[in-house]
Amino acid sequence: MNSVWQQLTLANLPLSQWQSRSYLFNLAIGSLRSWRQSSWLMQWAEPLGFVLLALTFGFAPFVNNALVGVLMAASAAFWVLLTVSDDRDIPFTPIHLLVLLYWGIATVATAMSPVKVAAATGWSKLTLYLLFFALMARILRSPRWRSWLIAVFLNVSLIVSFYGVRQWIDKVPPLATWNDPTSTQANVTRVYSFLGNPNLLGSYLLPAIALSAAALFVWKGWGTRILALTMLVVNCACLRYTDSRGAWIGFVALLVVFLVLLWYWYSPLMPRFWRTWALPLGLGGLAGALILGVALVDPLRDRVSSMFIGRGDSSNNFRINVWTAVVDMIRDRPILGIGPGNTAFNKVYPLYMKPKFTALSAYSVLLEIAVETGFIGLMCFLWLMTVTVNQGLLQIKHLRDSQFKVSSLEEESQNPQSQIQNLKSNQGFWLIGAIATLAGMMAHGFVDTVWYRPEVNMLWWLMVAIIASFYSNSHQQQQDSALTEGE
């Protein structure tokens, strides 16, 4: 059974051997190596790549999508230049392989689309996101650039969250009818900060919450940890004031996954009792706190209860009608869908929609993927997520075992006076934050498609890139440890 799982998740795929023997791969990689060696500018390739990424994440919440697209296009072009002129092996991970497969399926779906021109627009955007992911996975292999890029995002998100909290204090009027006008929550303030939509803001804050929590463990010194704690508190407060039910669902999923992985990371240090009971007690306490909050806070209770009244809430009713039409779209083109992108969706959806229920998307990420690339694309996407999370868990285990020397600690943990010396950095907490974010964003994505907006989609691929960036580092660490033992 374990062997089947390893094959499914590509855990033992000999990609390095394939890279060394692939004619096409070696033809594409390093063809301009001699030019790069004589270029002064390309000596600063990684810092330049980091600057492009930092500018994109820094400007994304504050500028229009066109400028974000230009920055992403520049990043994609730089990745191509960096790749064809690279003077060393490019780490090609199982995650990259499935990203490439998903792109190939989307390409075929575009070619087979009933609205080919519209689908080509969506295909070009998808290609841009995937090339942006490739650059991030390349640059973030360096722990320094990884930590700096996360710090850039967290500081930008702090500005976004602070402005959102300020909007709640000022009781800012809504930009649209976001609440059911017949409900008790009709006049509740929902903040949107610089992003213009509370659901979009809520999804943007999920990675900010997970990574600021991880920063509490990674950043050293009281000053930076106080900053991380401030970020975490302000981000959580702003998420609360968005009143986004989907983002709240994502937050609960994020928190559960983060706590489980945190327990797993520190379990070698725990006495036997706490190793057994810390997780159920922690999750039970979390469940109790959530139930208490819903029971005692009237606005929170009203908002949460609206999730369970079906068509009795106008937002629920709207989504149910859209989902019904989207299922019909999938039924008519189940194999490869209608092609990627909201432009293609807007061309085809009017043929299926119920009167007065116009929509720009499927209001569910999984339904959106199925309607765009069919069940083949959906299966590939779910495979990609399985492989990504599995790779992240493998790297967490490797880093945890290296840091705490699990084999010896199982005995030492029985002695409360034993002192544990960390052998590695705490970079593994970025992996914990990334996996927790993926869980939270997908939970939100079950009932919304703000995932496709640039401000959020680039953060999704940032989480995938963080996990992918540890792949080569892990193998290098294994080689280093083997050499050390040999000596």
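This note goes through the predicted model from the whole chain down to one helix and one residue.

1. Basis. The model is predicted: local features need pLDDT of at least 70, side-chain atom pairs count only at pLDDT 80 or more, and totals for chains, interfaces and linings use all residues. Residues are numbered from 1 along each chain as its sequence is written, and side-chain values use heavy atoms, leaving out hydrogens and water.

2. Overall content. The protein chain has 20 helices and zero strands. Both are DSSP runs, numbered from the N terminus (helices: H or I, at least four residues; strands: E, at least two).

3. Burial and surface. The protein chain has 487 residues, and 50% of them count as buried. Buried means under 20% relative accessible area, exposed over 50%, partly exposed in between (1.4 Å probe, protein chains only). About 22,800 Å² is exposed, with 66% from carbon and sulfur atoms. Areas come from the Shrake-Rupley method with a 1.4 Å probe; for residues, only the protein chains shown count as cover.

4. Contacts. Take contacts (heavy atoms within 4.5 Å) with a separation of 6 or more. Residues 24 or more positions apart account for 78% of these.

5. Helix H7. H7 covers residues 94–111. Its 18 residues should span 26 Å at 1.5 Å a residue, and the end C-alpha atoms are 26 Å apart, which agrees. The expected span is 1.5 Å times one less than the number of residues. Among the buried residues of H7 are His 96, Tyr 102 and Thr 110.

6. Val 389. This residue lies in helix H17 (residues 365–404). Val 389 is partly exposed, at 28% relative accessible area. Beyond its neighbours within four places in sequence, Val 389 contacts Ile 435 and Leu 438. The C-alpha atoms of Val 389 and Ile 467 are separated by 8.0 Å, with their positions 78 residues apart along the chain.
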